[in-house]
Amino acid sequence: MTPSPVSDKRQHVVETAYALFKRAGFHATGIDRIIAEADVAKMTMYRHFPSKDELIVAVLDYRARRFDDQLNQLAQKSITPEQKIAEIFDWHGRWFRSPDFHGCLFAHALAEFGDPGHPVFEAVARQKNGLRQRMRSILSEVMPRGRAENVAATLLMLIEGATLMAQMGQADTALREARKTALDVVAASRRPQ
């Protein structure tokens, strides 16, 4: 089944807004600029996205799905939980070095939309909690669930810190240290306590 022209237009707006938001930020990117860059009519924009907040949430959900698709491929591999965790960190390392790296779109959104009740904040929380839960699920294969939860939260903090350091121009150091620490934490947490 081929996508409809309507869904193609909607997706085109989302992808255009994604490119603009990651370079310039959410508040600094106006709807008129998105409309112009996407080459769509104002009416088309507002039919798909009645508010800018709805567009921002759609962009964040789009970015989260792209990341989840890559993690789903990882989940299919027949490798140890430690290797899966290492691959999550390696994925971040490749992203840090890509010309497309502008820092974490979710962290930028959180900086601009700090109200926990705001739909953008909620979209950020969904993505971050999703990554933490995925790592917890991986780790639950080799340690008790409560410990896996604590370790997953620690690994998420390592990823977030490494991402910030990479944005500051220290990608190699950030990834090397975060990856090593993550694997050390996982190994230590596997031991009986």
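**Exercise 1. Which helix supplies the largest share of the lining of the largest pocket, and what is the make-up of that lining by class?**

Solution. Step one is to look at the contributors: in this predicted model, the largest share of the lining of the largest pocket comes from α4, which gives 4 residues. Step two widens the view, since α1 (5-24), α4 (52-76), α5 (81-97), α6 (105-112), α7 (119-139) and α8 (145-167) each provide at least two lining residues. Step three places the residues: the lining counts 22 of them, and Tyr18, Arg63, Phe67, Trp91 and Trp95 lie nearest the centre of the pocket, whose volume is about 360 Å³. Sorted by class, the lining consists of 9 nonpolar, 7 polar and 6 charged residues.

**Exercise 2. Which residues have the most contacts inside the largest nonpolar core, and which helix gives the most to this core?**

Solution. Begin with the core itself, which has 60 residues, with Leu55 and Leu60 having the most contacts inside it. At least two core residues come from each of α1, α2 (31-38), α4, α5, α6, α7, α8 and α9 (171-190), and the most, 11 residues, come from α4. Then take Leu55 as a worked case: leaving aside residues up to four places away in sequence, Leu55 touches Val13, Val14, Ala17, Phe21, Ile31, Ile34, Met45 and Phe49.

**Exercise 3. Why does the salt bridge between Asp100 and Lys22 tie together parts that are apart in sequence?**

Solution. First establish the pair, in which the closest N and O atoms of Asp100 and Lys22 are 2.0 Å apart. Next locate the partners: Asp100 lies in the loop between α5 and α6, whereas Lys22 lies in helix α1, so the bridge ties together parts that are 78 residues apart in sequence. Finally compare the surroundings, where Asp100 is partly exposed at 33% relative accessible area, while Lys22, at 15%, counts as buried, the cut-off for buried being under 20%.

**Exercise 4. Which helices hold the partners of the salt bridges Arg97 with Asp172 and Glu160 with Lys128?**

Solution. Take Arg97 and Asp172 first, whose side chains meet in a salt bridge of 2.9 Å, N to O; Arg97 lies in helix α5 and Asp172 in helix α9, so parts 75 residues apart in sequence are tied together. Turning to Glu160 and Lys128, their closest N and O atoms are 2.8 Å apart, and this pair links helix α8, which holds Glu160, to helix α7, which holds Lys128, across 32 residues. Here Glu160 is partly exposed, at 25% relative accessible area, but Lys128 is buried, at 15%.

Conventions:
Residues are numbered from 1 along each chain as its sequence is written. This is a predicted model: local features need pLDDT of at least 70, side-chain atom pairs count only at pLDDT 80 or more; totals for chains, interfaces and linings use all residues. Side-chain values use heavy atoms; hydrogens and water are left out. On a 1 Å grid over the protein atoms alone, a cavity is a set of points where a 1.4 Å probe fits but cannot get out, and a pocket is an open set with protein on both sides within 12 Å along at least five of seven lines; lining residues have an atom within 4 Å of a point. Grid points are joined across faces, edges and corners, and a volume is the space filled by probe spheres set on the points. Ala, Val, Leu, Ile, Met, Phe, Trp, Tyr, Cys and Pro count as nonpolar, Asp, Glu, Lys and Arg as charged, and the others, Gly among them, as polar. A nonpolar core is a set of buried Ala, Val, Leu, Ile, Met, Phe, Trp, Tyr and Cys residues joined through side-chain atoms within 4.5 Å. Buried means under 20% relative accessible area, exposed over 50%, partly exposed in between (1.4 Å probe, protein chains only). Contact means heavy atoms within 4.5 Å. A salt bridge is a side-chain nitrogen of Lys or Arg within 4 Å of a carboxyl oxygen of Asp or Glu.
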